[in-house]
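Subject: Handing over the structure

Hi,

Here is the structure I promised to pass on to you. Please open it alongside this email, and then read on for what turned up in it.

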Amino acid sequence: MGQERHPLCRAGAAPHRLPGRVILRAGFLALAGLLAGCGLATPPEPPVSLPPVAARAALNPVTAALRGAATAFAETGRLQGRPALAALAVAQLEYLAVEMPSGRVAGDIGMVQPLLLAARQEVRGVLGIPATVPPQRVIDALAAAATVPGGDAAAPATLPPDVAPGGGALLWQRLGALPRLPQANAATQRALHYWEFGPDEAIEISMLGRRP
């Protein structure tokens, strides 16, 4: 006897309608499985640290970085003409893209990991920071420029050529005119939600026993 086909695979069978949220989650899980199956998993990057100037919003540097970056990238219009604030937000994102997926500060963060990595790639692409520059190098350079005595007039000269291959003045100008960054916004919002409330699955399971 031939193998019984799944009802949805039979000719003429009407497909079941699935809630959009289930379909979206299935897509996330499928992508995660694909990445794992293709051997794209990479070992954790070397640890990075966040300078105190970028970690003032909370005692925990992860919390401080999440709150700062999520607020900044939610509405980049607020950063127009304020390159020092933008530089700190980028430094915070660089820190999060390394430390959150590493397992040193949180458990398995699931799809937050590729979102943060994509956000870092998006921001570096807009600013012209090469992908080969180590994250700690970017963090230190941007934090130092954001706090240099003399402010915006002196900051460009402090940016090293490997971080700003087009020149410090150009990078500082780009920081002061950041466009909308949808990937950075989505990644930092989701990472902040995960950090404060845990995975969505855990929240939903805890609600199963509650009466409406």
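Below I go through the overall fold, the core, a few single residues and a pocket.

One caution to begin with: this is a predicted model, so please read every value below as computed from predicted coordinates.

**Overall fold**

The protein has nine helices and zero strands. Following the sequence from start to end, the pattern is α-α-α-α-α-α-α-α-α. Of its 212 residues, 36% count as buried. If you take the contacts with a separation of 6 or more, 69% of them are between residues 24 or more positions apart.

**The core**

In soluble globular proteins, nonpolar side chains tend to be buried together. Here the largest nonpolar core holds 58 residues, and the members that touch the most others are Phe 73, Leu 96, Met 100, Leu 116 and Leu 175. At least two core residues come from each of α2 (61–74), α3 (83–102), α4 (112–127), α5 (135–146), α7 (168–175) and α8 (182–197). The top contributor is α3, which gives twelve residues.

Leu 116 is a good place to centre your view. Beyond residues up to four places away in sequence, Leu 116 touches Leu 93, Leu 96, Ala 97, Met 100, Ala 187 and Ala 191.

**Three residues of α3**

Which residues does Val 90 contact, once its neighbours within four places in sequence are left aside? They are Phe 73, Val 123, Leu 127, Leu 142 and Leu 175. Val 90 lies in α3 and has a relative accessible area of 2%, so it counts as buried. Its C-alpha atom is 9.7 Å from that of Ala 65, although the two residues are 25 apart along the chain.

Glu 94 is also found in helix α3. With a relative accessibility of 2%, below the 20% limit, Glu 94 is therefore classed as buried. Its side chain makes a polar contact of 2.8 Å with the side chain of Arg 124. Leaving out residues up to four places away in sequence, Glu 94 touches Arg 120, Arg 124, Pro 135, Val 138 and Ile 139.

Ser 102 belongs to helix α3 too. Its relative accessible area is 12%, so Ser 102 is buried. The side chain of Ser 102 reaches the backbone oxygen of Glu 99 at 2.7 Å.

**One residue each from α4 and α5**

Val 112 sits in helix α4 and is buried, at 3% relative accessibility. Not counting residues up to four places away in sequence, Val 112 touches Arg 190, Ala 191 and Tyr 194. Val 112 and Ala 186 are 74 residues apart along the chain, and their C-alpha atoms are separated by 9.6 Å.

Ala 141 is part of helix α5, and at 9% relative accessibility it counts as buried. Apart from residues up to four places away in sequence, it touches Leu 159, Pro 160 and Val 163. For Ala 141 and Pro 160, the C-alpha to C-alpha distance is 7.2 Å, with their positions 19 residues apart in sequence.

**The two sides of α7**

Which residues of α7 are buried? Gly 168, Leu 171, Trp 172 and Leu 175 are. These residues lie on the same side of α7 because they cover an arc of only 100° around the axis. Ala 169 and Gln 173, on the other side of α7, are exposed. As for partners, the buried residues of α7 pack against α3, α4, α5 and α6 (155–158).

**A pocket**

Rolling a probe the size of a water molecule over the atoms shows where empty space is left. The second largest pocket contains about 250 Å³ of space. It is lined by 16 residues, and those closest to its centre are Gly 68, Ala 72, Leu 85, Leu 88 and Gln 92. Two or more lining residues come from each of α2 and α3, and α2 gives the most, with five.

Enjoy looking around, and write back with any questions.

Best wishes

Technical notes
Residues numbered from 1 in each chain as written. Predicted model: local features only at pLDDT ≥ 70, side-chain atom pairs only at ≥ 80, totals over all residues. Heavy atoms only, no water. Core = buried A, V, L, I, M, F, W, Y, C linked by side-chain atoms within 4.5 Å. Buried < 20%, exposed > 50% of the residue type's maximum accessible area, 1.4 Å probe, protein only. Helix = DSSP H or I, 4+ residues; strand = E, 2+ residues; numbered from the N terminus. Contact = heavy atoms within 4.5 Å. Polar contact = N/O pair within 3.5 Å; in protein donor to acceptor, adjacent residues only side chain to side chain. Arc of directions from axis to C-beta. 1 Å grid on protein atoms, 1.4 Å probe; cavity = no way out; pocket = protein on both sides within 12 Å on 5 of 7 lines; lining within 4 Å. Points joined across faces, edges and corners; volume = space filled by probe spheres on them.
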